[in-house]
Amino acid sequence: MESATESKETTVDMDQIRSQFPILKRKILDQDLVYFDNAASSQKPIRVIKSLEKYYTEEHSNVHRGIHTLSQIATAKFEESREILRQFLNAKSTKEIVFTKGTTEGINLVAHGLSVAELGEGDEILISEMEHHSNIVPWQVAAERTGASLVVCKVLEDGSLDLGDFEKKLTEKTKIVSIVHVSNTLGTTNPVKKICQMAREKGALTLIDGAQSSPHLNINVCDIDCDFYVISGHKMYGPTGIGVLYGKSEVLEQLPPYQTGGEMIKDVSFEKTTYNDLPFKFEAGTPNIAGAIGIAEAVRFIESVGYDNIFQIEDHLLRKAQEVLRKIDGIKFYGTAANKASVVSFNIDGVHPTDLGTILDKLGIAVRTGHHCTQPLMDKFGIPGTVRASFAVYNTEEEIYKMDAAVKRAVKMLK
Amino acid sequence: MTDTIQEIEKEIVDEFSFFPEWMEKYEHLIDLGKNLPIIEEEYKTKDHLIKGCQSQVWLHAELDGDKIKFTADSDAVITKGIIALMIRVLNNQEPKNIVDADLAFINEIGLKEHLSPTRSNGLVSMIKQMKLYAIALQAKLQDT
């Protein structure tokens, strides 16, 4: 690799990283799999897969109230996972770490809570044009329920957030600002610390959608100083169906429960129920215990590689991909902000993204095509969708060249 | 006398058997798309869009005597090829035969297994829409 950095560990053993992902050995139509759909979901290292197997083989029971040994083991593992996630997000307390199904549930939980406890006629919810549908629709519903209005901050041509527009639209009426940390479609990394500071000055709460940031960036919720931060396990080498909602404890205390039932209660009588303490107030029913263990193992994987190395690998791939694809006639990139994660979204003149994606698949290359659950953003750019290649720590420069060759071959067929 | 749906299906299966490689199959499909009976501009409206496809597909059907004539278009060339195949099979057929067609050729030429799930769903929506048109036009025929 030619990208020299001052980091002491400039050479990362790619074979060692790749060997941890069994799926990378499989073939697609007799060809080596090139997996560039990481922004949709990343593949899983063997240690995550094994942690699930070990849990179900040796340690499974229901958590928290059991008196027997297995229940205590499962509880200890589950709560240990919460502690690992606390450290991962740099939160102050495990009370602030709520296990969810994923980012979508985290946002729904907050939007529901605020629509019961906080929002009303005349209030405003501020989001941006680059939000994923899961950071649009819950707020639309909250607005409909409460009479609040949804205000949308503009995105500039290069795919960065229009901070001038943000400043203009952030007013005393703004009750919550909900913005993505890293855009799934464009890769743009937003200045979330600054956004949260500006919001705080106006007295607004802040939620940061971290679905795409957690695989790439070291997250420090105290430094960002957001009220809520949400992540999904499956985007960061962990299992599906598990995620985390971080919330400042004083804010979570004020928020009413999302779902009700077992686990989340202190005392129940037919006259009155009192709710459990944080974080259990927000974890109704038997939680996804295996998922929590799996996401904690994914954190251990990320830490074993280190964010510095992850950044070095992915940033190199991003630059290489842009460099080689740029030479293709009629290519247009979407999302060229200076500060961005390893996502390349593009179209080629006269070629439909779905057609291109279909041919790439036949050549063993998994990319995503379509609107990437960001229809308003596609409408803004006036396109039906894009082809999106998103890179993870196990991808290689050689794979970028394979994609480049495959794109050229496909274009020849399709034009 | 038009060939029956089964006869045309068989013809397509034979035709595709000349292309064992997926790449050639797709090239052939793209070529077929170029001969698609294109929908009139006036019908290229939201009402004529088929839901469930990643690409946009417009489909129109009308009676020509007691047979149905389909016209269509898409912004994606592979999709256009698939519609062209469907239209080749179902065009100029009586509504009843369209409703009853099992369209087994799709599996036989390996289209369904080779198309991504989203596209397969698009194909399903496309067939459903063609059959809905046939049901509606059949009712219209019986009324007159």
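**Strands, helices and an interface: three exercises**

V268(A) stands opposite T273(A), a residue of strand β12(A). The model is predicted: local features need pLDDT of at least 70 and side-chain atom pairs pLDDT 80 or more, while totals for chains, interfaces and linings use all residues. Residues count from 1 along each chain as written, with chains lettered from A and ligands numbered from 1 in written order.

**Exercise 1.** Describe how β11(A) is joined to β12(A), then lay out the seven-stranded open sheet of chain A.

*Solution.* Start with the elements, which are DSSP runs numbered from the N terminus (helices: H or I, at least four residues; strands: E, at least two).
- Strands β11 (265-268) and β12 (273-275) of chain A run antiparallel and share three bridges; pairing requires at least two DSSP bridges.
- A hairpin of four residues leads from β11(A) to β12(A).
- Now the open sheet: its order in chain A is β4-β10-β9-β8-β7-β5-β6, with mixed pairing.
- β4 (97-100) and β6 (149-153) of chain A are the edge strands with a single partner each, so one side of each has no neighbour in the sheet.
- From one strand to the next, the twist averages 20 degrees.
- Inside the sheet, β9 (228-232) and β10 (243-247) of chain A are antiparallel and joined by five bridges, with I231(A) opposite V244(A).
- Helix α7 (192-201) of chain A packs on this sheet, touching β7 (174-180) and β8 (205-209) of chain A, and its direction makes about 175 degrees with that of β7(A).

**Exercise 2.** Characterise the packing of α11(A) against α14(A).

*Solution.* Begin with the axes, lines fitted to C-alpha atoms over the stretch in contact, with angles from 0 to 180 degrees between N-to-C directions.
- The axes of α11 (307-325) and α14 (397-414) of chain A come within 10 Å and cross at roughly 25 degrees.
- The two helices are therefore roughly parallel (under 35 degrees).
- Their crossing is right-handed (near helix turned clockwise from the far one by less than a right angle).
- Contacts (C-beta atoms, placed from the backbone, within 7 Å) involve residues including L317(A) and V324(A) of α11(A), and I400(A) and Y401(A) of α14(A).

**Exercise 3.** Which elements of chain A give two or more residues to the side that touches chain B?

*Solution.*
- Twelve residues of chain A are in contact with 14 residues of chain B.
- The elements are α12 (353-362), β16 (368-370) and α14 of chain A.
- α12(A) gives the largest share, six residues.

Definitions and conventions
Parallel < 35°, antiparallel > 145°, perpendicular 65-115°, else oblique. Contact = placed C-beta atoms within 7 Å.
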